[in-house]
Amino acid sequence: MQRRLFSAALVSVSLAVLSPAVMAQTPTPLRVLTHSSFDLPKELLAQFEKEVGVKLQVVKAGDAGEMTNKLILTKARPIADVVYGIDNTLLPRALAAGVIEPYTGPAAQRAAAVALEGGVVPVDYGFVTLNIDKAWFAKKGLALPTSLDDLAQPAYAKLLVVQNPATSSPGQAFVFATIAGLGEEGAFKWWGRMRGNGVKVVKGWTEAYYTEFTRNGGTRPIVVSYASSPAAEVFYSKEKISESPTANLFLKGGVFRQVEGVALVKGGNPAAKEAAGKFIEFLRAAPAQQALQTTMWMFPAEAGAARVDVIKAHASEPATFDNPSTTDINSKGKAWLQRWTKVVLK
């Protein structure tokens with residue numbers, strides 16, 4: 001604490017002796033809180049800094065669930081001015097905690113492919129679903145499951161890895177999809193059967209996909225991921241391939257449409273509020289909407305935004321998805337997660 005106060009005193013003295021001209025040249029810091037998957041080209045972010053006259057301080061706070069928890073826990077002394085990555089599963093929690101300040105600028109007024117409430121501007125969307133390792137199933141000669149019920153059968157024991165919904169937004173989205181698709185009681189009966197059938201639960205998407213999934217050296221050939229993941233496999237392949245080694249498994253009760261947004265943080269630095277609004281507009285402008293398709297592997301929220309070739313060729317969108325109503329998520333979401341923890345982990 002003494003070091004912190006001493007440092008603050010030095011900064012105060014330093015600012016006092018700076019000339020107005022020098023201080024004017026110092027870019028305003030803009031604190032941006034994101035989940036760990038936030039990824040836009042450095043040159044694009046540098047261009048934003050130059051045009052707006054700010055210095056971005058991007059803080060990656062783990063999975064979106066962890067990020068939202070951190071935002072709520074620091075409500076009294078906000079650690080950011082703008083937040084990106086709160087999705088439609090986490091938004092009710094953020095709104096209830098009062099950490100979001102509604103944004104009403106141009107991006108909030110334009111038509112979008114998807115919507116969010118509470119003054120949060122949609123940036124992108126995707127579909128949380130099951131991905132399979134095609135080579136693993138071909139080698140084993142095992143038919144692909146055609147329903148969630150199949151996954152609870154002995155033939156598919158210990159094949160699925162999921163994310164903990166308490167710490168992972170795709171994990172939470174998948175749980176919500178099972179409830180919307182199977183009914184509340186049917187979903188928890190299924191989860192109980194899956195526990196007995198060896199479902200593996202990990203903290204977040206990165207661990208599930210890059211550690212546990214057989215495609216990356218793990219032992220689980222089915223993983224909760226995204227409908228765009230097969231396109232990413234093609235894009236990042238060291239060899240030129242025309243077909244993805246993974247595929248989507250769109251099962252009833254196993255597909256959730258996830259919408260991610262950007263918002264002003266309530267209580268953020270007033271001096272950075274204008275820049276925060278410009279950052280929101282930046283994320284909905286064409287350059288960012290195109291770039292995020294092959295960096296964050298989501299579909300653009302801006303109405304009419306063009307799809308890049310690899311997304312068009314390898315990222316299929318499901319005909320249907322299972323999302324609970326916003327009302328049910330608001331009123332029952334917390335209880336669902338508590339019940340899931342008792343059924344699956346305890």
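This passage describes two pockets and one helix of a predicted model.

The largest pocket encloses about 740 Å³ of space. Its lining is formed by 31 residues, of which S37, W205, Y209, Y210 and W297 lie closest to the pocket centre. Two or more lining residues are contributed by each of helix 4 (64-73), helix 9 (169-182), helix 11 (205-212) and helix 12 (229-236). When the lining of the largest pocket is sorted by class, eleven residues are nonpolar, twelve are polar and eight are charged.

The second largest pocket holds about 300 Å³ of space. It is lined by 13 residues, and those closest to its centre are R93, Q172, G333, K334 and L337. At least two residues of this lining come from each of helix 5 (91-97), helix 9 and helix 16 (326-344). Helix 16 provides the largest share, with six residues. By class, the lining of the second largest pocket comprises six nonpolar, five polar and two charged residues.

Helix 4, one of the elements that line the largest pocket, was also examined for burial. Its buried residues are A64, G65, M67, T68 and L71. These residues lie on the same side of helix 4, because the arc that they cover around the axis is only 160°. In general, an α-helix has 3.6 residues a turn, so residues three or four places apart point the same way. The buried residues of helix 4 pack against strand 1 (28-34), strand 3 (82-87), strand 4 (100-101) and strand 10 (256-265), and also against helix 5 and helix 9.

Terms used
Residues numbered from 1 in each chain as written. Predicted model: local features only at pLDDT ≥ 70, side-chain atom pairs only at ≥ 80, totals over all residues. Heavy atoms only, no water. 1 Å grid on protein atoms, 1.4 Å probe; cavity = no way out; pocket = protein on both sides within 12 Å on 5 of 7 lines; lining within 4 Å. Points joined across faces, edges and corners; volume = space filled by probe spheres on them. Helix = DSSP H or I, 4+ residues; strand = E, 2+ residues; numbered from the N terminus. Nonpolar A, V, L, I, M, F, W, Y, C, P; charged D, E, K, R; others polar. Buried < 20%, exposed > 50% of the residue type's maximum accessible area, 1.4 Å probe, protein only. Arc of directions from axis to C-beta. Contact = heavy atoms within 4.5 Å.
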